[in-house]
Amino acid sequence: MTLAFVAIGSNLDAPLEQAQRAVEALRQVTESRLVLASSFYASRPMGPQDQPDYVNAVVGLETALAPLALLDELQRIELEQGRVRKDERWGPRTLDLDLLLYGDTVIEHERLTVPHYGMKVREFVLLPLHEVAPRLSLPCGSSLSDLVAQCPRNGLTVVAPAPAV
């Protein structure tokens, strides 16, 4: 089993409920077990500011799925929760599930980049990830604690407690 971390984000159609439903859906992923879950955080949107704030969280899954099979499961959950993929980057969405880390594996594939390309600078990823894995080091050797210490909070606040694991 490999420990994979998944970021959850939503800013449409009751974002907190969307994020909570995503955690429940991730519990059901085949050949996987939810082992960690952060609190839910409110964050300002990246990119266009004329959209609602986001709700974000991070979960850890122990999984026997290969990275692309796990990505397929994440995209299936997004679609089931009404995700419509558009060309607009950083636009509003019902649900966004990003595979942040897959053990210590580095992946450069046309469908998947792991570690996630933006995770080192995004407070809405770093703080929830640090909540569940404070001693984590990234495959490149960066300490998560060091990244969190250097990252502005940008108004990030907890809006709901972590779900039971």
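Is Val29 buried or exposed? In this predicted model, Val29 is buried, because its relative accessible area is 3% and burial requires a value under 20%. The residue sits in a loop, between helix 1 (15-27) and strand 2 (32-37). Its contacts reach well along the chain. Leaving aside residues up to four places away in sequence, Val29 touches Leu65, Leu70, Glu73 and Ile77. Leu65 is 36 residues from Val29 in sequence. In space, the C-alpha atoms of Val29 and Leu65 are 9.4 Å apart.

The overall fold was considered next. The protein contains four helices and eight strands. Along the sequence, these elements follow the order β-α-β-β-β-α-β-β-β-α-α-β. A strand thus opens the pattern, and a strand closes it. Two helices stand next to each other just before that final strand.

The dimensions of the protein are as follows. The C-alpha trace spans about 40 × 35 × 35 Å along its principal axes. The radius of gyration is 15 Å. This agrees with a compact globule, because a chain of 165 residues would then have a value near 15 Å. Of these 165 residues, 49% count as buried. Contacts between residues distant in sequence are also frequent. Among contacts with a separation of 6 or more, 70% join residues 24 or more positions apart.

The surface and the charges were examined in turn. The protein exposes about 8000 Å². Carbon and sulfur atoms supply 51% of that area. There are 15 positive side chains and 21 negative ones. The centres of the two sets lie 2 Å apart.

The cysteines were checked for bonding. A disulfide is a covalent bond between the sulfur atoms of two cysteines. A search of the whole structure finds zero disulfides. Cys140 is in no disulfide, and the nearest cysteine sulfur to it belongs to Cys151, 15 Å away. Seen from the other side, the closest cysteine sulfur to that of Cys151 is in Cys140. No bond joins the two because 15 Å is too far; a disulfide requires sulfur atoms within 2.5 Å. Cys151 itself is buried, with a relative accessible area of 7%.

Several backbone features fall in loops. One concerns Pro115. The peptide bond between Val114 and Pro115 is cis, with omega at about 0°. Pro115 lies in the loop between strand 7 (112-114) and helix 3 (123-132).

Two further features concern the loop between strand 1 (2-10) and helix 1, where Asp13 is found. Asp13 is not a glycine, yet its phi is positive, near 55°. Ala14 is found in the loop between strand 1 and helix 1 as well. Its phi is near 60°, again a positive value in a residue other than glycine.

How exposed are these two residues? Asp13 counts as exposed, because its relative accessibility is 59% and the cut-off for exposure is over 50%. Ala14 has a relative accessibility of 35%, so it counts as partly exposed. Val29, also in a loop, is by contrast buried at 3%.

Technical notes: Residues numbered from 1 in each chain as written. Predicted model: local features only at pLDDT ≥ 70, side-chain atom pairs only at ≥ 80, totals over all residues. Heavy atoms only, no water. Rg over C-alpha atoms; globule rule 2.2 N^0.38 Å. Buried < 20%, exposed > 50% of the residue type's maximum accessible area, 1.4 Å probe, protein only. Contact = heavy atoms within 4.5 Å. Areas by Shrake-Rupley, 256 points an atom, 1.4 Å probe, with all protein chains shown as cover. Lys, Arg positive; Asp, Glu negative; His and termini not counted. Charge placed at Lys NZ, Arg CZ, Asp CG, Glu CD.
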